[in-house]
Amino acid sequence: MSRTVITFGTFDVFHVGHLRVLERAAALGDRLVVGVSADALNERKKGRAPIFSEKERLAIVGALKVVDAVFVEESLEQKRDYIVEHGADVLVMGDDWAGKFDEYADACEVVYLERTPAISTTAIIEHIADL
């Protein structure tokens, strides 16, 4: 029986940390589905527009070998709907979200993966701004 893994993120200024978490998420199942945060959702949760557009971020994430399908995540409140819609057996999030998605454990296994040390999109953006 195949296992579908689902994860979510903005994936702005795509970096090796993004790649590693997606590779590790994919290794937990047979199919990896990725919800890429809509531009509007990113602005609401982070208070700024992403550097790369929703369309560009979907294209980048969707082009990865480990990703089987991508979709636009319109709302944080729809996580359960996305899990059910995509038949997810496992929800994977970074450990910076530890405990915040445990409410979905009745619908699927919830796994928090350690982030890649010393790399973050915010730090990259700030470094570029300082140049």
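Me: In this predicted model, buried means under 20% relative accessible area. Is E73 buried or exposed, and at what relative accessibility?
Reply: E73 lies in strand β3, residues 69–73. The cut-off for buried is under 20%. E73 therefore counts as buried, with a relative accessibility of 1%.

Me: Which side chain makes a polar contact with the side chain of E73?
Reply: Leaving aside neighbours within four places in sequence, E73 is in contact with residues including F8, G35, V36, L41, K79 and Y82. The side-chain polar contact, at 2.3 Å, is with K79.

Me: In what order do the strands of the open sheet stand?
Reply: The sheet has 5 strands, and their pairing is parallel. Its edge strands, each pairing on one side only, are β3 and β5 (109–113). Neighbouring strands are turned by 25 degrees against each other on average, direction ignored. The order is β3-β2-β1-β4-β5.

Me: Which residue in β3 is the bridge partner of G35?
Reply: Strand β2 (residues 31–37) runs parallel to β3, and 5 bridges join the two. For G35, the partner in β3 is F71.

Me: Why do the buried residues of α1 line one face of the helix, and within what arc do they fall?
Reply: Helix α1 spans residues 16–26, and G17, H18, L22, A25 and A26 are buried there. Seen down the helix axis, these buried residues line one face because they fall within an arc of 165 degrees.

Me: What angle does the direction of α1 make with that of β2?
Reply: α1 packs on the sheet and touches β1 (4–9), β2, β4 (90–94) and β5. Its direction and that of β2 make an angle of about 140 degrees.

Notes. Residues numbered from 1 in each chain as written. Predicted model: local features only at pLDDT ≥ 70, side-chain atom pairs only at ≥ 80, totals over all residues. Heavy atoms only, no water. Buried < 20%, exposed > 50% of the residue type's maximum accessible area, 1.4 Å probe, protein only. Helix = DSSP H or I, 4+ residues; strand = E, 2+ residues; numbered from the N terminus. Arc of directions from axis to C-beta. Polar contact = N/O pair within 3.5 Å; in protein donor to acceptor, adjacent residues only side chain to side chain. Contact = heavy atoms within 4.5 Å. Pairing = 2+ DSSP bridges. Axes fitted to C-alpha atoms, helices over the stretch in contact; angles between N-to-C directions.
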